[in-house]
Amino acid sequence: MSSDFLRNLRKIKTQSNMTNRTFTPFPILVTERLTLRALSMDDEQGIFALRSDSEINKYLDRTPCETMEEAGDFIQKISGFVKKNESVYWAITLTEHQSFVGTICLFGFTDTERKCEIGYELLTDFQGRGIMSEAIHEVIEYAFKTLKIRAIEAFCHKDNKASIRLLETFEFVSSSESGNDDPDYWEFTLVER
Ligand SMILES: CC(C)(COP(=O)(O)OP(=O)(O)OC[C@H]1O[C@@H](n2cnc3c(N)ncnc32)[C@H](O)[C@@H]1OP(=O)(O)O)[C@@H](O)C(=O)NCCC(=O)NCCS
C-alpha cells in the first residue's frame, strides 16, 4: 500500500468524525418571534441581570455575578470562545422590540463522538411564554443539520422542573448514570434520529 493511499485514508477517517464547526460569520437564527444573534458588549446589562438573579441561579452551579464589570468580562470571555470555535453562544432577542431576554449556547464539543452540551437561561419576566421552547427547537436543528452533531447533552438539577419539562418535551432522555460528580445534577441526552 502506498503512503499516499494511507495518508488519504487517515484524512477521510478524521473528516468523517469532524463536525462543521465554524462560528464566523456568526450563525444568526430566526424563529417566529425571536432573533438569536451574537452576544455583544451592548448586552452587559442583560447578562448582569441574568447572572446576578438568585431565582435564575437557583439551580445553576455558578458564582453569581456581582458587578457590571464582571458581566463585561464574561461577554469578552465568551466572544473569545466563539472566535476560536470552541462554543457558540446566542443572545435571545424578541425580534419585534429587539430586546434581550436570555441566552442559549452549545459548548463542550467533542469531535470524535460528535457531541456537545447545551445551556440556556431566560430573564424571569420572560419565562413561561414558550420562548425557550422556540429557541431550543431552532438550536437543536442547527446542531444536527449544520454542525452535524450526533448527540446533545444537558446537565440539569433534579428539582429544576421547568428545565426538565423543556428537555423532556424535546425528547431528551435522562440517564441513570450522571456524568457529573454531583448526584443532584441529572444528565439528559438527545441523540440525532
Ligand atoms: C429553564 C427555562 C429556560 C425554561 O423557560 P420557560 O420560559 O419556562 O420555557 P417554556 O415557556 O418554553 O416552557 C417549557 C415547558 O416547561 C413548563 N414549565 C415552565 N415552568 C415550569 C415550572 N415551574 N414547573 C413545571 N413546568 C414548567 C412549561 O409549561 C412548558 O411545558 P409545556 O410545553 O408542556 O407547556 C427557565 O425556567 C429558566 O431560565 N430558568 C433558569 C435558568 C435555568 O435553570 N436554565 C437551565 C439549566 S439546565
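**Note on the predicted model**

1. Glutamine 98 sits in the loop that links S3 to strand S4 (99-110). This is a predicted model, and glutamine 98 is a good place to begin reading it. Its phi is positive, about 55°, although glutamine 98 is not a glycine. Most residues other than glycine have a negative phi, and most peptide bonds are trans. Is glutamine 98 buried or exposed? Glutamine 98 counts as exposed because it has 9 C-beta neighbours inside 10 Å, and the cut-off for exposed is 12 or fewer.

2. Asparagine 85 is a second case of a positive phi, here of about 60°, in a residue that is not a glycine. Asparagine 85 belongs to the loop between helix H4 (68-83) and strand S3 (88-94). Asparagine 85 has 13 C-beta neighbours inside 10 Å, so it counts as partly exposed.

3. A further backbone point concerns proline 25. The peptide bond that runs from threonine 24 to proline 25 is cis, with omega near 0°. Proline 25 is placed in the loop between helix H1 (3-17) and S1.

4. Confidence should be read before the details. The average pLDDT of the protein is 90, and 88% of the residues score at least 70. Where does pLDDT stay under 50? This happens over residues 11-16, and for that stretch the model has 0 contacts beyond four places in sequence.

5. Next, the overall layout. The protein has 6 helices and 8 strands. Along the sequence they follow the pattern α-β-β-α-α-α-β-β-β-α-β-α-β-β. Of the contacts with a separation of 6 or more, 60% are between residues 24 or more positions apart. Buried residues are 24% of the 193 residues in the protein.

6. The strands form an open sheet of 8 strands with mixed pairing, in the order S1-S2-S3-S4-S5-S6-S8-S7. Which strands are the edge strands? They are S1 and strand S7 (173-175), each of which pairs on one side only.

7. At the S1 edge, S1 and strand S2 (residues 34-38) run antiparallel and are joined by 2 bridges. Leucine 29 has leucine 36 in S2 as its bridge partner. Valine 30 also lies in S1, which covers residues 29-30. Valine 30 is exposed because 11 other C-beta atoms lie within 10 Å. Valine 30 is 65 residues from threonine 95 in sequence, yet their C-alpha atoms are 8.5 Å apart in space.

8. At the other end of the order, S8 pairs with two strands. S6 and S8 are antiparallel, with 7 bridges, and cysteine 156 stands opposite tryptophan 186 in S8. S7 and S8 are also antiparallel, with 3 bridges; valine 173 has threonine 189 in S8 as its bridge partner.

9. Strand S8 (residues 185-191) has two faces that can be listed separately. Trp186, Phe188 and Leu190 make up the covered face. Tyr185, Glu187, Thr189 and Val191 make up the uncovered one. Two of the pairings in point 8 can be placed on these faces: Trp186, opposite cysteine 156, is on the covered face, while Thr189, the partner of valine 173, is on the uncovered face.

10. In soluble globular proteins, nonpolar side chains tend to be buried together. Here the largest nonpolar core has 39 residues, and those with the most contacts inside it are Trp90, Ile92, Ile104, Ala135 and Val139. Which element gives the most to this core? H5 does, with 6 residues.

11. Tryptophan 90 deserves a separate entry. Leaving out residues up to four places away in sequence, tryptophan 90 touches Leu29, Leu36, Arg37, Thr103, Ile104 and Cys105. Among them are Leu29 and Leu36, the bridge partners already met where S1 joins S2.

12. Last, the ligand. How many residues surround the ligand? There are 22, and the closest are Met132, Ser133, Lys161, Ala162 and Arg165. Strand S5 (115-122), helix H5 (131-146), strand S6 (151-157) and helix H6 (161-169) each supply at least two residues of the shell. H6 gives the most to the shell, with 6 residues. By class, the shell has 11 nonpolar, 7 polar and 4 charged residues. H5 therefore appears twice in this note: it supplies residues to the ligand shell and, as a DSSP helix, gives the most to the nonpolar core.

Technical notes: Residues numbered from 1 in each chain as written. Predicted model: local features only at pLDDT ≥ 70, side-chain atom pairs only at ≥ 80, totals over all residues. Near = placed C-beta within 6 Å. Helix = DSSP H or I, 4+ residues; strand = E, 2+ residues; numbered from the N terminus. Nonpolar A, V, L, I, M, F, W, Y, C, P; charged D, E, K, R; others polar. Core = buried A, V, L, I, M, F, W, Y, C linked by C-beta atoms within 7 Å. Buried ≥ 20, exposed ≤ 12 C-beta atoms within 10 Å, placed from the backbone. Contact = placed C-beta atoms within 7 Å. pLDDT = per-residue confidence, 0-100. Pairing = 2+ DSSP bridges.
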